[in-house]
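Biologist: Can you bring up the model we talked about? I have some short questions on cysteines, a strand and the pockets.

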Amino acid sequence: MYKKIETVIKTELLDYPSSLGRSYDARNYLHGCCICEYLKEQYNEPQNIYYILTKTANEKMYNDICLQSTHCGPIIKKFLEGEYKAKYDGGIGNDDIQVEIIDNEYVVFEGKHRICIAKRFGIEAIPVVLSYDDFL
């Protein structure tokens, strides 16, 4: 039976996204990642988003770019100020981070930018809607 629960997951258990939006190529501006946008001129061939995000994860310059982003900046501030709330937790809009357990691993289906933000800025745990198959 397929189940959904609202829970909190440690961000260390989630990986940086390998895609944003529908793109795996860091050069595609449509996914909204300001770091990929900043770096895209450096690459002549496709670059994996996961590679870019993990390569720049601990560099202040890139985190500052995220903070200044109109896409991620407001979400970062909510996380850092402890004001981020998923829709199920009283937030507004489609703020639920949707995660599934597939082959004993967490896979993020919605909220990839928010996962990246949480990992980058040291947010220890985040609220998610977790979906899984309960075969027992």
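Modeller: First a term: helices and strands here are DSSP runs, and a strand is a run of E with at least two residues, numbered from the N terminus. Keep in mind that this is a predicted model.

Biologist: Fine. Which strand does Ile5 lie in?

Modeller: Ile5 belongs to strand β1, which covers residues 2-10.

Biologist: Is Ile5 buried, exposed or partly exposed?

Modeller: Ile5 counts as partly exposed because its relative accessibility is 35%, and that class runs between 20% and 50%.

Biologist: And what does Ile5 touch, leaving out residues up to four places away in sequence?

Modeller: Its contacts on that basis are Val128, Val129, Leu130 and Tyr132. Take Val128: it sits 123 residues from Ile5 along the chain, yet their C-alpha atoms are 8.3 Å apart.

Biologist: Switching to cysteines. How many disulfides does the structure hold?

Modeller: The count is 0. Cys33 is in none, and the nearest cysteine sulfur to it, from Cys36, is 3.6 Å away. A disulfide needs the two sulfurs within 2.5 Å, so that pair does not qualify.

Biologist: Where is the nearest cysteine sulfur to Cys66?

Modeller: That sulfur is on Cys34, at 4.3 Å, and Cys66 is in no disulfide either.

Biologist: Are Cys33 and Cys66 buried or exposed?

Modeller: Cys33 is buried because its relative accessibility is 9%. Cys66 is buried as well, because its value is 6%. The cut-off for buried is under 20%.

Biologist: Pockets next. What volume does the largest pocket have?

Modeller: About 340 Å³. It is lined by 15 residues, and those closest to its centre are Asp15, Tyr16, Tyr106, Val107 and Val108.

Biologist: Which element gives the most to that lining of the largest pocket?

Modeller: Strand β3, residues 105-110, with 5 residues. By class, the lining of the largest pocket has 9 nonpolar, 3 polar and 3 charged residues.

Biologist: And what is the volume of the second largest pocket?

Modeller: About 180 Å³. Its lining consists of Leu20, Gly21, His71, Ile75, Phe109, Glu110, Gly111, Lys112, His113 and Arg114.

Biologist: Which elements give two or more residues to the lining of the second largest pocket?

Modeller: β3 and α5, the latter spanning 112-120. α5 gives the most there, with 3 residues.

Biologist: How does the lining of the second largest pocket split by class?

Modeller: Into 3 nonpolar, 4 polar and 3 charged residues.

Terms used
Residues are numbered from 1 along each chain as its sequence is written. This is a predicted model: local features need pLDDT of at least 70, side-chain atom pairs count only at pLDDT 80 or more; totals for chains, interfaces and linings use all residues. Side-chain values use heavy atoms; hydrogens and water are left out. Buried means under 20% relative accessible area, exposed over 50%, partly exposed in between (1.4 Å probe, protein chains only). Helices (H or I, at least four residues) and strands (E, at least two) are DSSP runs, numbered from the N terminus. Contact means heavy atoms within 4.5 Å. On a 1 Å grid over the protein atoms alone, a cavity is a set of points where a 1.4 Å probe fits but cannot get out, and a pocket is an open set with protein on both sides within 12 Å along at least five of seven lines; lining residues have an atom within 4 Å of a point. Grid points are joined across faces, edges and corners, and a volume is the space filled by probe spheres set on the points. Ala, Val, Leu, Ile, Met, Phe, Trp, Tyr, Cys and Pro count as nonpolar, Asp, Glu, Lys and Arg as charged, and the others, Gly among them, as polar.
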